[in-house]
Amino acid sequence: MTDASTRPGDEPEAGASTPHPPAEAEPTGVIDVGSTQAIPQPAPAPGAVTSHGGAGHDGTGGDSGRDDSAGWFDRFAPEHPTEGAGVPARADAPWGSDRADAEDEAAHRAAYAPPATAAVASAPGQGSPMSAVAAPTAGAQPGSGAAGGPPQGYWTGPGAAPFPGPEQGAPGGWGTDPSAYGAPVTVAAPPRRRRGALVAGVVGLCLLSGVVGGVAGQLADDRVNLAGSTLPEPGPGATARPAGSVANIAATALPSVVTIKVDGGSEGSGTGSGFVVDAKGHVLTNNHVVEAGASGGDIEVVLSNGDTEKATIVGRDVSYDLAVLKLARTDLTPLVLGESDQVVVGDQVIAVGAPLGLEQTVTTGIVSALNRPVTPGTGSESSYINAIQTDAAINPGNSGGPLLDLSGKVIGVNSAIARVPGTSGTTGGNIGLGFAIPSDQARRTADQLIATGKATHPVIGVSLDRTFSGEGAQVVDQSDAVVAGGPAAKAGVQPGDVITGFEGKRVRTPDQLIVSIRARAVGDTVSLTVRRGGQDVQLRMTLEADPDQK
């Protein structure tokens, strides 16, 4: 094993709103009218007018004799038609209050109109209270005193000053008999559309402000029903993902992936991952995930729905770093083990597990390399993995979880991560170099563990020189380095031989030879290339089971 690979440590889990009935008043910061006191007012003088509407400029009241105590709106509201020809048909037509304005204006002008040069006259029955100024009577001349009426510019009607006579210094010696001037005519000023439009605009703005303020207040109090939103919403099937997509594969695989929690007491504790491999409740994981609980420890399995189940160890194999657990459940869906020998570098892969205790985590990447010799562990606990290397994020806690291809099949069991030289097992994390046990090897081991509780792996029966610095794996140059009667002895391997090829592939290190042999099955016949005395020799050899594991 290179100094950049190791076994991961098993660390603990690190539209329009709908009107509503008015709600009870709430404090808003505005002074409460009900709790304030009226400003003291001096008592009105006897005979003084107290109304706020219709007052003249002199403070005596513009409509003499009218009761103003009811207020401006009560005074004029009955005169506003609600239907018929008098009701404006357009929003920009004169507002109804123009009539009241005209009456006050007429009274004011009658009281203060200055003399003019033209006369105003009207035959009986002509005009109306809203009629325009009439033409003077035929033959009448201003200042003649004839029955042509008063000089033009004078206004007549109730409340107007009497026509001046000669004794009052009237020009032209007007007579004092009012009948000489014809029937009185009440002349009103034209409607002041600008004032009416201004009032209508102000009232409209007030109404709009009230509506906006009310809606804003309801939104602030979260009382507006937004269920009628017209924004587009996803339709049926919008969450479906095409087959082969990461989302579709993850949705299918996650229910079969479990989180394993081990409490081994004095032996330690840890968290890892695993996945269901059959309908009988068997779960495949790494040996190093459960080894702390192998001697009477407590092992729990957390399913994807949050259920927790007790688990027992069916069997484990240190050499392959695999173990099988058993749950008392038969309703779990297993994942399918694919063919790892069909995987090529660059294939997209998906890792699923509980890194750092974060359950149901999905990461993606590609196959970075194949047949990478990895030997995590130390001494008798070392494992030999002819690993699939991936850049999918793998961290402590991912151990035992599946590495999936884009068909959703398991092509590897995540087992180890590389570590920067000089760092300890407790500080290692993902650096883009993760390793998985190929599914072909995992399948054979899982079948054996389920069937017998233990697994066998092939050996060739030689001792290798770990001090050899050349290329290849050298057999120790001692007589007992080749086991008598073993596969290597039967094939003709001799002490001191350097094995440089296995099944047509170059062998550079002893670990590479070991993991290549362990990746095969017992009974397989393989070819060896041996360099002996400067010559290459081709040998055939049948692999046998390790006698210590029978």
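Two residues are counted as in contact when their heavy atoms lie within 4.5 Å. The model examined here is predicted.

By that criterion, V413 has a wide set of partners beyond its neighbours within four places in sequence. Among them are F275, L284, N286 and L322. V413 also touches G400 and G401, as well as F435, A436, I437 and A442.

V413 belongs to the largest nonpolar core, which has 27 residues. It is one of the residues with the most contacts inside that core, together with F275, L284, L322, L335 and L404. Several elements each give two or more residues to this core. The helices among them are α4 (246–253) and α6 (439–452). The strands are β7 (322–327), β8 (348–353), β10 (385–390), β12 (410–418) and β13 (434–438). The largest share, four residues, comes from β12. Residues are given by both domain 1 (246–327) and domain 2 (340–446), so the core lies between the two domains.

A second core is separate from this one and has 23 residues. Y384, I499, I517 and M541 are included in it.

Strand β8 gives residues to the largest core. Five of its six residues are buried, so β8 is largely enclosed by the rest of the structure. Two strands pair with β8. With β9 (residues 361–374), the pairing is antiparallel and spans six bridges. With β11 (residues 402–404), the strands also run antiparallel, joined by two bridges. I350 takes part in both pairings: its bridge partner is T364 in β9 and L404 in β11. L404 is also among the residues with the most contacts inside the largest core.

Methods
Residues are numbered from 1 along each chain as its sequence is written. This is a predicted model: local features need pLDDT of at least 70, side-chain atom pairs count only at pLDDT 80 or more; totals for chains, interfaces and linings use all residues. Side-chain values use heavy atoms; hydrogens and water are left out. A nonpolar core is a set of buried Ala, Val, Leu, Ile, Met, Phe, Trp, Tyr and Cys residues joined through side-chain atoms within 4.5 Å. Buried means under 20% relative accessible area, exposed over 50%, partly exposed in between (1.4 Å probe, protein chains only). Domain bounds come from an automatic or database domain assignment. Two strands pair if DSSP finds at least two bridges between them.
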